[in-house]
Amino acid sequence: MTESQRPANSTPISTRNIPPLPPPPATLNTQRQATQTLDMTQEKTANHTAINAAPPPPPDKVPVASHRPGTPPPIPGSVRSKSSSGMTLAQLIKEAYDKGFSDIHLGVGEVPRFRNRGEMQATEYPETDKETFMSWVREVLTEGEIKHFEENLEFDGATQYDFARVRINIFDSLKGYAMVMRLIPLKILTIDQLNLPPVFRDICHYHKGLILVTGPTGSGKSTTMAAMVDYINKEMAKHIITIEDPIEFVHKSQKSLIKQREVGMHTRKFDNALKAALREDPDLILVGEMRDKETVNTALKAAQTGHLVMGTLHTNSAVKTIERILNLFSGEEQDAMRVALAESLVAVIAQGLCRTTDGKRAAFHDILINTDAVKDWVKDGKYDEITELMKQAGFDGMITMNQSLLNLYQEGRITEETALEMSPTPNEMAQFLRGRV
């Protein structure tokens, strides 16, 4: 590997001078990757000496990787281990962060790839062999967690460096083990910095009810919710409890008190933590993902008992979100749940991301506000009427995805082709564009 292929501002993480620990039993406490703060120091040599040629630091200067109390540190030598090409996982992550990439894809028998603003991008690094892959895994997992992965062939977790937080998923595949890492900025962008519509602030000022932020994977749901929680944290004196799998954006208590819980580390299940939260005097409960009927049912009850609940779903539009929730319940239960949803819903925000003309990405939205008219139509199951109302109720803060895409097009931020490609109803989008091109 040449020096041009290696990140210049990265230093490998060194080991602890401690004796090896026996692997912990595969309990729920060790089946979840605990947050790790991995101190990344930057070399300041003028000639950027090659990493492999650099002499090892003296023992008293070795930086220590600090771990969350109660989690076994990695075995000696595991964090320092390098791949056959000399590239550590920490250096790959730093390279992705420096270049503004959102995801890293690694796998046995595959060339490492990055996701660059929505598009996959191959690197010039060699194919990854199993020895190299496992050396990378040992940088971020303990031996107990590696054993759990080998037994279950799935692993979810997160780790943290001094420049970014990283969500990790490891899995098995036809070619062999693979890993996907999502880079999460330590700095939380504000509602203004994300150019979110003003109605987002209005939604944050509700004291009770259910707020749903939906969209496909990688659509920026977590970033949007983090901005809303950050706004509440700075502006209102509330108690906020988050339940996530894993914790992504880390919030620091400001005007509000924030407690963040991770499924598998701090609680067994979303539903368990949500039920317990009702006895923890919360003002806002954030549910990272509403995956099943039990979690949705508990969230609705929490919203009906005077709490503000925020949650996410993987749906593509606001109206489809309502249908998805109701379809979790049997036919006999749907009438009662339709009434409960109509009474407790505050807003549904469906979000997508599209590439802009300057090479960045912008969010577009489908926003449904639960007005009195919407409430009646939800109770009656008249979803077509809700869609038509959203097109005409801009004064309430509502907007459809086509209208949002059209606004981006008129601002010159996206092309006509992008607007048509990202539109949920391209025929209608084409009519909008023909009337204004």
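**Charges, contacts and loops in the predicted model**

Arg355 lies in strand E14, and this residue makes a good starting point for a walk through the structure, which is a predicted model. At a relative accessibility of 30%, Arg355 counts as partly exposed. Together with Arg117, Lys360 and Arg361, Arg355 forms a positive patch on the surface. Strand E14 spans residues 345–355 and also holds Val348. What is the surroundings class of Val348, buried or exposed? Val348 is buried, because its relative accessible area is 0%, and buried means under 20%. The chain also brings Val348 together with a partner from further along: Val348 and Leu368 are 20 residues apart in sequence, yet their C-alpha atoms are 5.1 Å apart in space.

A patch of the opposite sign can be found elsewhere in the sequence. Glu323, Asp372, Asp376, Asp380, Asp384 and Glu385 gather on the surface as a patch of negative charge. Which helices each supply at least two residues of this negative patch? They are helix H10, residues 372–380, and helix H11, residues 383–392. H10 makes the biggest contribution, giving three residues to the patch. Asp376 has its place in H10 and counts as partly exposed, with 43% relative accessibility.

Helix H8, which runs over residues 318–327, shows how a helix can have two different sides. Ala318, Val319, Thr321, Ile322, Ile325 and Leu326 of H8 are buried. These buried residues are on the same side of H8, because they cover an arc of only 155° around the axis. On the other side of H8, Lys320 and Asn327 are exposed.

Salt bridges come next. Side chains of opposite charge can pair when their charged atoms come close. The count in this model comes to 16 salt bridges, and a few of them can be followed residue by residue. In one of them, the side chains of Glu343 and Lys379 meet, with 2.8 Å from N to O. Glu343 belongs to helix H9 (residues 331–344) and Lys379 to helix H10, so this pair ties together parts that are 36 residues apart in sequence. Glu343 is partly exposed, at 43% relative accessibility, and Lys379 is also partly exposed, with a relative accessible area of 31%.

Another salt bridge stays within a single helix. Glu388 and Lys391 meet through their side chains at 3.3 Å, N to O. Both residues lie in helix H11, three residues apart, which is about one turn of the helix. Glu388 counts as partly exposed at 41% relative accessibility, while the relative accessible area of Lys391 is 29%, so Lys391 is partly exposed as well.

Asp192 and Arg201 form a further salt bridge, in which the closest N and O atoms are 2.6 Å apart. How do the two partners sit, exposed or buried? Asp192 is exposed, since its relative accessible area is 51% and the limit for that class is over 50%. Arg201, at 25% relative accessibility, counts as partly exposed.

Some salt bridges join up into networks, and Asp245, Glu289 and Arg291 are linked in this way. Asp245 also takes part in a notable backbone feature: the peptide bond from Asp245 to Pro246 is cis, with omega near -5°. Pro246 is found in the loop between strand E10 (239–244) and strand E11 (257–262).

Other loops hold details of their own. The loop between strand E8 (177–185) and helix H4 (199–204) includes Leu196, and Asn195 has its place in that loop too. Where does each of them stand, buried or exposed? Leu196 is buried, with a relative accessible area of 9%, whereas Asn195 counts as exposed at 53% relative accessibility. Leu196 and Phe364 are 168 residues apart along the chain, and their C-alpha atoms are separated by 8.9 Å. Asn195 has a phi near 55°, which is a positive value in a residue other than glycine.

Asp281 has a positive phi as well, about 55°, although this residue is not a glycine. Its place is in the loop between helix H6 (270–277) and strand E12 (284–287). With 62% relative accessibility, Asp281 counts as exposed.

Terms used
Residues are numbered from 1 along each chain as its sequence is written. This is a predicted model: local features need pLDDT of at least 70, side-chain atom pairs count only at pLDDT 80 or more; totals for chains, interfaces and linings use all residues. Side-chain values use heavy atoms; hydrogens and water are left out. Patches are made of residues with over 30% relative accessible area and no salt bridge: like charges are joined within 9 Å, nonpolar side chains (Val, Leu, Ile, Met, Phe, Trp, Tyr) within 5 Å. Accessible areas come from the Shrake-Rupley method with a 1.4 Å probe; for residues, only the protein chains shown count as cover. A salt bridge is a side-chain nitrogen of Lys or Arg within 4 Å of a carboxyl oxygen of Asp or Glu. Lys and Arg count as positive and Asp and Glu as negative; His and the chain ends are not counted. The place of a charge is taken as NZ of Lys, CZ of Arg, CG of Asp or CD of Glu. Helices (H or I, at least four residues) and strands (E, at least two) are DSSP runs, numbered from the N terminus. Buried means under 20% relative accessible area, exposed over 50%, partly exposed in between (1.4 Å probe, protein chains only). The arc is that of the directions from the helix axis to the C-beta atoms.
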